[in-house]
Amino acid sequence: MARLQINRLTKRFGGTVAVRDLSLDIADREFLVLLGPSGAGKTTTLRCVAGVEKPESGTIRFDDQDVSHVSPAERDVAFVFQTYALYPRKTAFENIAFPLVARQFAQADIEHAVREVAQKLHIEHLLDRRPAQLSGGEQQRVALGRAMVRRPRAFLMDEPLTNLDFKLRVEMRSELKRIHSELNTTLFYVTNDQTEAMSLADRIAVLNAGVLQQVGTPEQVYDHPVNRFVAGFIGNTRMNFLPCVLRNEDGPGLHGRDGAWQLAISDSLRDAIRSRSDGDALILGIRPEDLALSTQPTDGAIEAEVYAVEPLGDRTIFDLRVGDDIVKVRTPPTFDAPQGSRLWFDVDRSRIHVFDPRTDKALI
Ligand code: ATP
């Protein structure tokens, strides 16, 4: 168990800045997920924390100890990768026991430790099997067991579920959450899968191009993204971004390109879009689930044409054309309308986001 503190970490590979001035404070026993697209610098950050990569500048602290110059072995963290790399000729028991055998623990202690870990992972019945006789998910549990058995100060996990098929990944997700609460250990977890991050994390740290964008609970980063990158990266169906201008004639409103649509907003919402004046260019951000569809015109709703329909079983996504923009709307699967028909969508004003197109920063 440890608090992990990354302070102003920078790592460069030749001309590429993989991580730039990153600071993160991970609380003792926290499940922190570092989320970002491929090449964002996630693995590099994790490797610097593990000590297998040397930062160009910055410090790493575990509790009150500066471990920046401490060897990986002495840092006492367990690293779990997407490839589980089990010893093929050893049984699951022997694989899990390996770190203790290498440290010359007594046989009885090894036996006890392996059984305890296997019980936590629900793999007691698999201990006599070799890796080839185990499914991908079972192999990943054995790899986790091998990391858990020596009770490290913290776990570092680099996309450990990536190689599993979809069903197993979902299963292992809830298992990991359960395991974390049983282990009572700090878990620093890297993924590019936002669903995984949302479902696992106590807090999510969003990284893009080596730069930390936002740190917060899943609800905070989902409901209050600080910029367009976070807003667009988090969410099953991407947030809609619509270029518009603020107009104050006939009451405050957002007006789409070429006057294709208008959305009346309240005075307080206009005031919340700080220091914006009439005619200012803005980006309206609205999630597909915060729009309501209707087959009839309703007060304040925007008219659109059905461009495409995507039935997904538990929900349907409508792509609507409004002027030159396409707006995605999420509806219950029971809502139906043919391609080419006209619909009206209303916007939940309490859920809208407004971004500055010059900086991409959220204004509200
Ligand atoms: P992924 O999700 O694809 O694993 P990531 O977010 O983990 O990506 P990193 O592997 O940390 O990203 O890479 C960050 C950047 O640093 C990338 O541009 C990558 O090409 C570069 N990079 C990483 N390792 C090296 C290396 N050993 N030599 C040169 N460049 C590297």
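## Charges, helix α1 and the ligand shell

The protein chain carries 46 positive and 51 negative side chains, with the centres of the two sets 6 Å apart. Keep in mind that this is a predicted model.

Here's the overall picture. The protein chain has 10 helices and 20 strands, and its C-alpha atoms fill a box of roughly 80 × 45 × 35 Å along the principal axes. Of its 364 residues, 49% count as buried. About 17,200 Å² of the chain is exposed, and carbon and sulfur atoms supply 47% of that. Take the contacts between residues at least 6 apart in sequence: 66% of them join residues at least 24 apart.

Now for the ligand. Phe13, Ala18, Pro37 and Glu159 are among the residues around the ligand, and so are Gly41, Lys42, Thr43 and Thr44. Both β2 (16-26) and α1 supply at least two residues each to this shell, but α1 gives the most, with 3 residues.

Three of the polar approaches to the ligand look like this:

| Residue | Atom on the protein side | Distance to a ligand oxygen atom |
|---|---|---|
| Gly41 | backbone N or O | 2.9 Å |
| Lys42 | side-chain N or O | 2.8 Å |
| Thr43 | polar side-chain atom | 2.8 Å |

On its own, the ligand has 640 Å² of accessible area, and the protein covers 58% of it.

Back to α1, which spans residues 42-50: this helix is mostly covered, as 7 of its 9 residues are buried. Lys42 and Thr44, both from the ligand shell, are on the buried list, along with Thr45, Leu46, Cys48, Val49 and Ala50. Just after the helix, Gly51 takes a positive phi of about 95°.

Definitions and conventions
Residues are numbered from 1 along each chain as its sequence is written. This is a predicted model: local features need pLDDT of at least 70, side-chain atom pairs count only at pLDDT 80 or more; totals for chains, interfaces and linings use all residues. Side-chain values use heavy atoms; hydrogens and water are left out. Buried means under 20% relative accessible area, exposed over 50%, partly exposed in between (1.4 Å probe, protein chains only). Helices (H or I, at least four residues) and strands (E, at least two) are DSSP runs, numbered from the N terminus. Contact means heavy atoms within 4.5 Å. Accessible areas come from the Shrake-Rupley method with a 1.4 Å probe; for residues, only the protein chains shown count as cover. Lys and Arg count as positive and Asp and Glu as negative; His and the chain ends are not counted. The place of a charge is taken as NZ of Lys, CZ of Arg, CG of Asp or CD of Glu. A residue is near a molecule or strand if one of its heavy atoms lies within 4 Å of it. A polar contact is a pair of N or O atoms within 3.5 Å; within protein, one must be able to donate a hydrogen and the other to accept it, and residues adjacent in sequence count only if both atoms are side-chain atoms.
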